[in-house]
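User: Hello! I am new to protein structures and would like to learn how to read one. Could you guide me through this example?

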Amino acid sequence: MRTKTEFDQWFKENNGDPWGYHTPFVIKRLDDSIKFIGQTVEASFKGVFVEFGSFDGSFTSRVLTNFPSAHVLAIDISEVATETNIRNNGQLTGVDFICADMLGFDYTKVPPQKEPIVLILESLYYLDVPERKVMIQNINKFLPANKVIFLSTPVSGNKYFEEDHLLAMMKECGYSCSSLSVLNSKRSFGFKALFDVLLQHIKFLRRKYANQVIFKFEKL
Ligand SMILES: C[S@@+](CC[C@H](N)C(=O)[O-])C[C@H]1O[C@@H](n2cnc3c(N)ncnc32)[C@H](O)[C@@H]1O
């Protein structure tokens with residue numbers, strides 16, 4: 001799945017939502033992701049969130065609610081997704097909806113006077129492997145003021161990322177991971193609270209058991 005036509009078709013065939021954004025699993029991931037961002041970004045942030053892969057706006061609305069003074073650019077390759085986001089959040093102020101491929105995004109649309117923060121949650125891995133690095137390099141090239149990228153992804157390898165590969169790619173692009181949070185795991189155990197803490201801190205456990213992880217990357 002890579003092109004606008006493919007995503008539009010896929011969403012149409014699946015009632016607009018192949019993932020189940022109303023399910024507790026997804027809702028918890030979105031809530032935990034916005035909490036993670038709120039740990040280091042002030043609620044009074046007046047800059048612009050550049051949200052790539054915004055889908056139906058389930059995260060866009062959380063950003064607007066948690067950062068009421070910020071502006072959001074909600075960008076998605078799919079027209080179906082963008083129209084759904086407009087239906088869900090079009091009544092809110094402080095948001096622009098843009099249907100565009102993140103790889104060819106026109107960064108002149110980002111208000112230059114506002115401090116940017118880039119969000120790429122659960123969407124970078126839809127790019128072909130060589131394109132992923134180009135995407136981050138494009139941010140550096142066309143949005144040099146950007147210092148922070150929040151990125152979430154499964155770290156289970158295969159078509160997704162592995163933590164080490166992601167960190168290495170980001171380092172090559174001039175970013176280092178300043179914090180991360182495991183959003184969910186492939187297995188659960190009876191001692192869930194302790195296990196969650198261990199996953200947070202121990203890389204080899206994350207490698208084995210973590211599913212989706214959110215990373216905060218800062219420019220070196
Ligand atoms: C799993 S959803 C992620 C939604 C939200 N960011 C989240 O964390 O739940 C992935 C979204 O990325 C979009 N997407 C995939 N490839 C893209 C691209 N090249 N440019 C922009 N959006 C893309 C898809 O259309 C889809 O809406």
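Analyst: Gladly! Let us begin with contacts: two residues are in contact if their C-beta atoms, placed from the backbone, lie within 7 Å. Please keep in mind that this is a predicted model. In the protein chain, 71% of the contacts with a separation of 6 or more are between residues 24 or more positions apart.

User: What helices and strands are there in the protein chain, and how many?

Analyst: The protein chain has eight helices and seven strands. Its C-alpha atoms fill a box of roughly 45 × 40 × 35 Å along the principal axes.

User: What radius of gyration would a compact globule with 220 residues have, and what does the protein chain have?

Analyst: The idea is to compare an expected value with the computed one. A compact globule with 220 residues would have a radius of gyration near 17 Å, and the protein chain has 17 Å, so the two agree. Of those 220 residues, 36% count as buried.

User: How do I read a single helix, say H2?

Analyst: Start with its length. Helix H2 covers residues 24-38, and at 1.5 Å a residue its 15 residues should span 21 Å; the end C-alpha atoms are 21 Å apart, which agrees.

User: Which residues of H2 are buried?

Analyst: A residue counts as buried if 20 or more other C-beta atoms lie within 10 Å of its own. In H2 the buried ones are Arg29, Ser33, Ile34 and Ile37. These cover an arc of only 125 degrees around the axis, so they sit on the same side of H2. On the face turned away from that buried side, H2 carries the exposed residues Pro24, Phe25 and Lys28.

User: What covers the buried residues of H2?

Analyst: The cover includes helix H3 (58-66) along with strands E4 (116-121), E5 (148-154) and E7 (212-219).

User: Is Glu122 buried or exposed?

Analyst: Count its neighbours: Glu122 has 22 other C-beta atoms within 10 Å, so Glu122 is buried. Glu122 lies in the loop between E4 and helix H5 (129-142). Leaving out residues up to four places away in sequence, Glu122 touches Gly53, Ser152 and Thr153. Pro154 is 32 residues from Glu122 along the chain, yet their C-alpha atoms are separated by 7.8 Å.

User: Which residues are closest to the ligand?

Analyst: The ligand is surrounded by 21 residues, and the closest are Gly53, Phe55, Met102, Leu121 and Ser123. By type, the shell around the ligand divides into 14 nonpolar, four polar and three charged residues.

Notes
Residues are numbered from 1 along each chain as its sequence is written. This is a predicted model: local features need pLDDT of at least 70, side-chain atom pairs count only at pLDDT 80 or more; totals for chains, interfaces and linings use all residues. Helices (H or I, at least four residues) and strands (E, at least two) are DSSP runs, numbered from the N terminus. The expected span of a helix is 1.5 Å times one less than its number of residues. A residue is buried if 20 or more other C-beta atoms lie within 10 Å of its own, exposed if 12 or fewer, and partly exposed in between; C-beta atoms are placed from the backbone. The arc is that of the directions from the helix axis to the C-beta atoms. A residue is near a molecule or strand if its C-beta atom, placed from the backbone, lies within 6 Å of it. Ala, Val, Leu, Ile, Met, Phe, Trp, Tyr, Cys and Pro count as nonpolar, Asp, Glu, Lys and Arg as charged, and the others, Gly among them, as polar. The radius of gyration is taken over C-alpha atoms; the globule rule is 2.2 Å times the number of residues to the power 0.38.
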